[in-house]
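Grab a coffee and open the viewer. Below are a few short exercises, each with a worked solution.

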Amino acid sequence: MTSVPAQPTTPRPALAHPDVIGRLTLEQKASLVSGADFWHTQGVPDAGIPSVMVTDGPHGLRKAGGEDAIGIGSSNPATCFPPAVALASSWDPDAVRRVGAAIADEARAEQVAVVLGPGINIKRSPLCGRNFEYASEDPFVAGAFGAAMVEGIQSRGVGSSLKHFAANNQETDRLRVSADVDERTLREIYLPAFEHVVTTQQPTTVMCSYNKINGTYSSQNPWLLTDLLRGEWGFEGLVVSDWGAVSDPVAAVAAGLDLEMPPSGGEPVIVAAVREGRLDEAVLDVAVDRLLTLLDRTGPALAAQDPALDDAAYAAHHALAREVAASCAVLLENDGTLPLDPSGTERIGVVGAFASEPRYQGAGSSQVVPTRLDDALTAIRATAGEARVDHAPGFRLDGTPDPALADEAVAVARDADVVLAFLGLPGAAESEGYDRTTMSLPDDQLALLEQLVGVNDKVVVVLSNGSAVTVTEWRDGTAAILEGWLLGQAGGSATADLLFGLASPGGRLTEAIPHHLEDTPSYLNFPGGDGHVLYGEGVHVGYRYYDTLHVPVAYPFGHGLTYTTFAYGEPTAVPAPDRGPNSWDVHVTVTNTGERAGSEVVQVYVHDAAARVPRPAHELRGFRKVSLEPGASDDAVIPLDARAFAFWSVRDHRWEVEAGEFVIEVGASSRDVRGRVTVTSEGDGAPHHLDATSTIGEWLTDPVGAQVLGAALAAAGEAAGPLAAASDPGADAGWAEMVRQMPIGKVVSFTDAVTRDQVEQLVAAYEAASAGR
Ligand code: BGC
């Protein structure tokens, strides 16, 4: 992307439904792309085109019922699975697929054609109010999560909506803000997760974001919605607006938006634009065609007329929610206090309001009305056997200081063998629609915790929060920390399962936890102001920044403890040329060396040993979760393709794999590398675009450029003058470097040895020689 074209440059596809479209009036076509109401597409019964329902998403169904069109808090009950912040922390695509399929089954029973999810925006800052709906600060993890969710939903014939495309990484000013982000950063950080899901799963729909990207609304961005999404990635589905994201319905259709939701009066505007020649009717036809394709894809699931789910089906989904939740929570710290042994514990003090009033999902459009709700206190009592369980809420969820509550909790803690402190962020602290301003837990909770660790040396903190909180100010003195995120409706029982070792903690951090908010890479540029937010940290988002700059963090990306231990063998990299050049399979043997069953997430990072552009210290390019019984081993195989080694070249506007060495690191977190293996790439051999503005160094590093320039220098002999220094090993090193950095066209200003004509001949020779490449 250099600049956004006014119209897409990608050729229009042939229509799949020319006959139906041929029978529609212009008004009918304009109405089809404009939506019927808040949740329904427009139908044309006379033409056999039904209206279908779409519904949020993403971690459970939010089908509005009754009078309230928006339906937040009053939707039909549905299973509330762990939101993305937790589900992605499982690093388990299979679990995500199963959740997606279960949500789709509930959608089928409710006659819903499309579930509006998953959301896979990158967590650029921990402050984003909607981070609980997103997967990771890393595009590989976000892409793997999104692909599994789409696969699961669509495996049941229900449509998905991959959102919010793109660069929607904050809630502040979200309907209007321009994300000012450079080309390479877009390509390497904010787009790859979408690219992965689109190219591997063909989601039925992609939802464009509210914001602008570099000044152009996503909803009317021809480059984003057509040239990139369809032209480059081959997307065949429908692009729907985020709710209310369209500012100019005509510009939106022209850019490649197929469906505006909900309607904003676009129909007459589109009709007039076609009549007045401002919008090509053929473009409108393509949008209508895509809606018809969506109906084709989702029609069979609706036609099946699945009956309402019975209690047994909902009970099975609740059990799935519980099982999965246990694999999502991240054990950050443990001095051996966990898992609790009920037979060896007489008194358990459960402190904190979240134990009895669970916080299990975030606020906004994703808010599900759960079918059931487990609280941890009840589940702990049910699991604790003979042990006595005392509870004191300790603080008020609205943050109002209450010394009497705190005193009561301290008394409970003083008498207990172990304290389970349920702390976290109150619902109002994080939500769709606004961002946080602090990463700290509320003051009253911190004050309470200080008192608890003062009276009991076995305080286990269980956190409920949808976005990262700082731990540095309070973690010393605690015995264990279980980061529960928001675990869905069965989170309470899953938490008890984990605390008592009935399940093994399976989660790993999908975002590094910094010591201080001020350490975060976007700190100086979040959330921006005056309608703009500058993505000034570039590609150095999350651990890419911390690990490159050696910034100490509280917990690194990928971190998470279990109740067992794992040993890694020496990794090897086996070439996999059948998948194309620069492809390897990384093999590593992992052994459960502890006494309990558990799962390990084997992470593979790639470090470019000598890059020609600044690259992060390393980047996650693959992972595998392995579950092992005590003493068991597994050979994990993680494929790396050329893209794992590539960066986005802004010079050539393409992915580039440089020749040279890459270090493949295998480990248990971005800072717990257990083995390394070096591979050598021969580069991708693709030509660079060399011209008179390219430096002599750039000419010399391109194989054809080096050949052409070398031949010209040889022919010139002595007359080559200073130019020869760049490739002369005997030349003064400083002088040679200075020459290498000089654009070849500029040489004419510094020496008589080279003329403008000769430079032009050189460029022509290069173009001729590289024409066939
Ligand atoms: C949200 C979307 C959601 C839509 C419909 C918007 O405000 O950004 O994620 O799907 O509303 O509720």
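**Exercise 1.** What covers the buried residues of α16?

*Solution.* Keep in mind that this is a predicted model. Start with the helix itself: Gly491, Gly492, Ser493, Ala494, Thr495, Ala496, Asp497, Leu498 and Leu499 are its buried residues. That makes nine of the nine residues, so α16 is largely enclosed by the rest of the structure. Next, look at the neighbours. The cover includes two helices, α12 and α13 (376–383), along with the strands β12 (418–424), β13 (459–464) and β14 (480–483). Last, step just past the helix: glycine 501 follows α16 and has a positive phi, near 75°.

**Exercise 2.** Find out which elements the buried residues of α12 pack against, and check the helix's length against the expected value.

*Solution.* First, the length. α12 runs over residues 311–326, which gives 16 residues. From first C-alpha to last it reaches 23 Å, close to the 22 Å expected at 1.5 Å a residue.

Second, the buried positions: Tyr314, His317, His318, Leu320, Ala321, Val324, Ala325 and Ala326. To read that pattern, recall that an α-helix has 3.6 residues a turn, so residues three or four places apart point the same way. Now pick out Tyr314, His317, Ala321 and Val324 from the buried set and follow them along the helix.

Third, the partners. The buried residues of α12 pack against α3 (84–87), α4 (93–109) and α16 (491–499). You met that last contact from the other side, with α12 listed among the cover of α16.

**Exercise 3.** Look at tryptophan 91 and alanine 167: what is the sign of phi in each, and are they buried or exposed?

*Solution.* Start with the background: most residues other than glycine have a negative phi, and most peptide bonds are trans. Tryptophan 91 has a phi near 50°, a positive value. This tryptophan sits in the loop between α3 and α4. With a relative accessible area of 2%, tryptophan 91 falls under the 20% cut-off, so it is buried.

Run the same steps for alanine 167. Its phi is positive too, about 55°, although it is not a glycine. You'll find alanine 167 in the loop between β3 (159–165) and β4 (178–180). Its relative accessible area is 4%, so alanine 167 counts as buried.

**Exercise 4.** Where do proline 118 and proline 527 lie, and which peptide bonds leading into them are cis?

*Solution.* Take proline 118 to begin with. The bond from glycine 117 to proline 118 is cis, with omega near 5°. Proline 118 lies in the loop between β2 (114–115) and α5 (139–154). Now proline 527: the bond coming from phenylalanine 526 is cis, and its omega is near 0°. Proline 527 is in the loop between β15 (513–514) and β16 (532–534).

**Exercise 5.** Zoom out and work out why the radius of gyration agrees with that of a compact globule.

*Solution.* Count first: there are 773 residues, so a compact globule would have a radius of gyration near 28 Å. The protein has 29 Å, which agrees. Then add the rest of the picture. The C-alpha trace spans about 95 × 75 × 50 Å along its principal axes, and 60% of the residues count as buried. Among contacts with a separation of 6 or more, 76% come from residues 24 or more positions apart. The fold contains 22 helices and 27 strands.

Technical notes: Residues numbered from 1 in each chain as written. Predicted model: local features only at pLDDT ≥ 70, side-chain atom pairs only at ≥ 80, totals over all residues. Heavy atoms only, no water. Helix = DSSP H or I, 4+ residues; strand = E, 2+ residues; numbered from the N terminus. Rg over C-alpha atoms; globule rule 2.2 N^0.38 Å. Buried < 20%, exposed > 50% of the residue type's maximum accessible area, 1.4 Å probe, protein only. Contact = heavy atoms within 4.5 Å. Expected span 1.5 Å × (residues − 1).
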